[in-house]
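This report looks at the surroundings of a ligand and then turns to one residue beside it.

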Amino acid sequence: MDEVQKLVDDALKEINSATDSSTLNNIRIKYLGKKGLITSLMKKLKDLPQEERPKFGAHVNNAKNIITQKINEKLEEISEKEKKKKYEELAVDISIPGARRDIGHLHILTQIQKELEDIFISMGFEVVEGPEVEDTWHNFDALNTPDWHPARDIQDSFYFTDKILLRTHTSPVQIRTMLQRKPPLAIISPGRVYRRDYDSTHLPMFTQMEGLFVDKNVTIKHLKYTLEEMAKRIFGENSKVRLRPSFFPFTEPSYEVDVLFGDTWLEILGAGMVDPNVFKNAGYDPEEWSGFAFGLGLERIAMVKYGIKDIRDFIRNDIKFLENY
Ligand code: DAH
């Protein structure tokens, strides 16, 4: 009897400390299998005196039932745990951030260009383009820019030949458009221009937007209104525009245009009333037609608007800079 009780105690101890189903299976074989410990106790039955057999038999049977039940209980517990563990391994943790891909965005200058195009288009202007490789006639002569003008110097411009160069401004698009179309017209022309400059406020390649409006009886008021409207929409409702007398060969009178930003006036573009000689060169009658023109630097606008100090930032492709805009 003590032997049976000891067997049960040992079995329960082993069952309790089992942590996986295969260990439990081995325990089952050890005690309950064909050659197991309980089974061999049963075989001892026949060696006992007749009157002791029923009691011993019942005792061993009871031990067998206890061990069987404990094994089954433990098995259930373990398989529940194993299932849970497996589910946890398979589970997707939705709290982990996904692999995000940045899709990038338009370069700050492209954004400014589109913003300006939208503003002028809403005022009735049309976007036209011209070639970056120009001839000296469109780039200078037709724009009333004489031989002696410093912009024509080989030191200031990029020449391919005597007569072919990278355009130094978008103004030749004025000539190309007028030669192709009859007035009235209202155009803007964005694009790259080239000069032999390189410092913190000048690049050898930069971006301008030309504007040209031709109609009857156009005055400086039309020019100022148009530029003020643009300034308000780019720099804010409170911005003001100031025209300062200046000189350009292709306009008369000519102005530098400043915009009031905070409490300082900042120069943002050149403008003026189209010079009669320019109309003549483009085949328009200056007695009949009048107009205004302007040319603005997109880098300049962006620098004023966002307080960018070094123009070279636009072409450095530093992602830290570009991400700010
Ligand atoms: N083309 C000039 C430049 O690049 C800018 C300019 C000034 C354009 C006056 C104009 C204008 O159309 O009227 O410096």
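## Composition of the ligand shell

In this predicted model, the residues of the shell around the ligand divide into five nonpolar, eight polar and two charged. The shell comprises 15 residues, of which His169, Ser171, Arg195, Gln208 and Glu210 come nearest to the ligand.

Three strands, β5 (205–215), β8 (264–274) and β9 (290–297), each contribute at least two residues to this shell. The space that the ligand takes up is the largest pocket.

## Polar contacts and burial

Oxygen atoms of the ligand lie at short listed distances from side-chain and backbone atoms of the protein, as follows. A polar side-chain atom of glutamate 210 is 2.7 Å from an oxygen atom of the ligand, while polar backbone atoms of alanine 293 and phenylalanine 294 lie 3.2 Å and 3.3 Å, respectively, from an oxygen atom of the ligand. Taken alone, the ligand exposes 350 Å², and the protein buries 90% of that area.

## Arginine 195

Arginine 195, one of the residues that come nearest to the ligand, is placed in the loop between β4 (185–194) and β5. Its relative accessible area is 28%, and because partly exposed covers the range between under 20% (buried) and over 50% (exposed), arginine 195 is classed as partly exposed.

Along the chain, arginine 195 and phenylalanine 160 are 35 residues apart, and their C-alpha atoms are separated by 13 Å.

Conventions: Residues are numbered from 1 along each chain as its sequence is written. This is a predicted model: local features need pLDDT of at least 70, side-chain atom pairs count only at pLDDT 80 or more; totals for chains, interfaces and linings use all residues. Side-chain values use heavy atoms; hydrogens and water are left out. A residue is near a molecule or strand if one of its heavy atoms lies within 4 Å of it. A polar contact is a pair of N or O atoms within 3.5 Å; within protein, one must be able to donate a hydrogen and the other to accept it, and residues adjacent in sequence count only if both atoms are side-chain atoms. Accessible areas come from the Shrake-Rupley method with a 1.4 Å probe; for residues, only the protein chains shown count as cover. On a 1 Å grid over the protein atoms alone, a cavity is a set of points where a 1.4 Å probe fits but cannot get out, and a pocket is an open set with protein on both sides within 12 Å along at least five of seven lines; lining residues have an atom within 4 Å of a point. A molecule sits in a cavity or pocket if more than half of its atoms lie within 2 Å of its grid points. Helices (H or I, at least four residues) and strands (E, at least two) are DSSP runs, numbered from the N terminus. Ala, Val, Leu, Ile, Met, Phe, Trp, Tyr, Cys and Pro count as nonpolar, Asp, Glu, Lys and Arg as charged, and the others, Gly among them, as polar. Buried means under 20% relative accessible area, exposed over 50%, partly exposed in between (1.4 Å probe, protein chains only).
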